[in-house]
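Reader: I have a structure to read and no background on it. Can we go through it by question and answer?

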Amino acid sequence: MIVSKFILVIQFVGAALLAQAQFKTAYPDIPRIDVHSHIGDKNQSLSNYLELRELLFIETGIDLAMWINLGTRAKPVVDITKVNSLSEGRVLSSIADYSAHNGLEINPDSLKYFLDLGYTGYKIWSGPWYRALENKEDGFPYIDDKAHINTFKMMEKIGMPGASIHVADPNGPWNERTAWLADPIEYWKEITAWRNLLERHPDLIVVSAHGNWLMCQDAQIDYLRNMLATFPNLNIDLAATFQYFRLVNTENLRAFMIEWADRILYGTDISEWEGDQLTDKRKQQYIRTFQILETDNFVEGGFFDGLPIKGLKLPKEVLAKIYYQNALRIYPGLAQQYENLGYQVE
């Protein structure tokens, strides 16, 4: 019996890997825009992603059309002119700030300047305070701190979207809390702070990173339904969420994606890539996400690897919204550049 189970597992894994290797998208006519990437502005990284785009198209039929670049911690504000040129217009950039707990570094009065230069939004990282502070009393532990009010007021005023604003970190069910944010009380303090901020700034247009980290439990998905219903300017990206889909009911997640398709954007959390040895890894990372969204296969791991994930097989019209249509609506300058690349804005 044990031997037969082992054989079944091996067969299952082998079949999953074979399906992944042979994957051809059923939707080659739907472009994809990755709204949550950290490509940076180094020559090799930009060149690598253009090469990866070509490989995906040749091998799978996938048109990975564009990226929104959120910079890196080492260089949160990338050289936008250089990025636009070296990426052939396929990588647009947001300004970023990874210091919210220590006080945002970008002056609110300079946000209009960055918007006019062509930056598509403002990325702010406000994950668990203990990842940035030794003592939360020494800084600004929560995103709704009054120290941030003028920044978000200015974003409302000039129409600068919050580009993949990161709040909290994954908190799974009681027996799989995850190493990122194991304490559910601290987790809900951070989520509540985000809700407070959205109530304070109702005109703030925002894409909340990682599904607002409300996709690791079924009850969290219900709370996310409430958040989206309450705040019409709130959207979410799917970056780094795929490996956690196994923690929730597949039909619940699929129903949520269909129900709120107008407010969900495709993203990965892909990182800067300077060497030339990661092509296959990066390619498979992308392919797994597309398989999860487009098929009902069991996919070997999420974007960052992990246990098998049951695919959602979303309808074509839902995929189109998630893959690119919602992004074109939200990010300043994106629709125009999309047209410049030869695509048609519907």
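The questions below go through a predicted model, from its strands to its rings, core and loops.

Reader: In what order do the strands of the open sheet of three stand?
Author: The pairing in this sheet is parallel. Strand S1 (31-37) and strand S3 (91-93) stand at the edges, each with a single partner strand, so one side of each has no neighbour in the sheet. From one strand to the next, the twist averages 20 degrees. The order is S1-S2-S3.

Reader: Which residue in S3 stands opposite Trp67?
Author: Strand S2 covers residues 63-69 and runs parallel to S3. Three bridges join the two strands. Opposite Trp67, in S3, stands Val91.

Reader: At what angle does helix H2 run to S2?
Author: Helix H2 spans residues 43-60. It lies across S2 and S3. Its angle to S2 is about 155 degrees.

Reader: Which residue of S6 is the bridge partner of Tyr122?
Author: Strand S5 (residues 122-126) runs parallel to S6, and three bridges join them. S6 takes in residues 162-167 and is mostly covered, with six of its six residues buried. The bridge partner of Tyr122 is Gly162.

Reader: How many residues apart in sequence are the parts that Trp188 and Tyr223 tie together?
Author: A search of the whole structure finds 18 aromatic pairs. In one of them, Trp188 and Tyr223 meet edge-to-face, 5.1 Å centre to centre and with 80 degrees between the planes. Trp188 lies in helix H6 (residues 184-200) and Tyr223 in helix H7 (residues 218-230), so the pair links parts whose separation in sequence is 35 residues.

Reader: Are Trp188 and Tyr223 buried, exposed or partly exposed?
Author: Buried means under 20% relative accessible area, and exposed means over 50%. Trp188 has 31% relative accessibility. Tyr223 has 23%. Trp188 therefore counts as partly exposed, and Tyr223 also counts as partly exposed.

Reader: How are the rings of Tyr338 and Tyr343 arranged?
Author: Tyr338 is buried, with a relative accessible area of 2%. Tyr343 counts as buried too, at 17% relative accessibility. Their ring centres lie 4.7 Å apart, with 15 degrees between the planes. Planes under 30 degrees apart count as stacked, and this pair is stacked.

Reader: What is the distance from Arg32 to the ring centre of Tyr323?
Author: Phe242, Phe245, Tyr266, Tyr286, Phe290, Phe303, Phe304 and Tyr323 form one aromatic cluster. Arg32 lies over the face of Phe290, at 4.9 Å from the ring centre. The charged end of Arg32 also sits over the ring of Tyr323, and there the distance to the centre is 4.4 Å.

Reader: Which helix gives the most to the largest nonpolar core?
Author: The largest nonpolar core has 109 residues. Those with the most contacts inside it are Trp194, Phe256, Met257, Leu293 and Tyr331. With nine residues (the helix spans 316-330), the one that gives the most is H10.

Reader: Which members of the aromatic cluster does Leu293 contact?
Author: Neighbours within four places in sequence are left aside here. Among the contacts of Leu293 are Leu238, Met257, Leu312, Lys313, Leu314 and Leu319. Its contacts also include three residues of the aromatic cluster: Phe242, Tyr266 and Tyr323.

Reader: Is Glu88 buried or exposed?
Author: Glu88 lies in the loop between helix H3 (80-86) and S3. Its phi is near 60 degrees, a positive value in a residue other than glycine. Most residues other than glycine have a negative phi. At 56% relative accessibility, Glu88 counts as exposed.

Reader: What is the relative accessible area of Asn212?
Author: Asn212 has a positive phi of about 60 degrees although it is not a glycine. It is found in the loop between strand S7 (206-208) and H7. Asn212 is buried, and its relative accessible area is 0%.

Reader: What separates the C-alpha atoms of Asp276 and Ala229?
Author: Asp276 lies in the loop between strand S9 (264-265) and helix H9 (279-294). At 53% relative accessibility, it counts as exposed. Asp276 and Ala229 are 47 residues apart along the chain, and their C-alpha atoms are separated by 44 Å.

Methods: Residues are numbered from 1 along each chain as its sequence is written. This is a predicted model: local features need pLDDT of at least 70, side-chain atom pairs count only at pLDDT 80 or more; totals for chains, interfaces and linings use all residues. Side-chain values use heavy atoms; hydrogens and water are left out. Two strands pair if DSSP finds at least two bridges between them. Helices (H or I, at least four residues) and strands (E, at least two) are DSSP runs, numbered from the N terminus. Axes are lines fitted to C-alpha atoms, for helices over the stretch in contact, and angles run from 0 to 180 degrees between N-to-C directions. Contact means heavy atoms within 4.5 Å. Rings of Phe, Tyr and Trp (its six-membered ring) pair if their centres lie within 6.5 Å; planes under 30 degrees apart count as stacked, over 60 as edge-to-face and the rest as tilted. Buried means under 20% relative accessible area, exposed over 50%, partly exposed in between (1.4 Å probe, protein chains only). A charge sits over a ring if NZ of Lys or CZ of Arg is within 6 Å of the ring centre and within 35 degrees of the ring normal. A nonpolar core is a set of buried Ala, Val, Leu, Ile, Met, Phe, Trp, Tyr and Cys residues joined through side-chain atoms within 4.5 Å.
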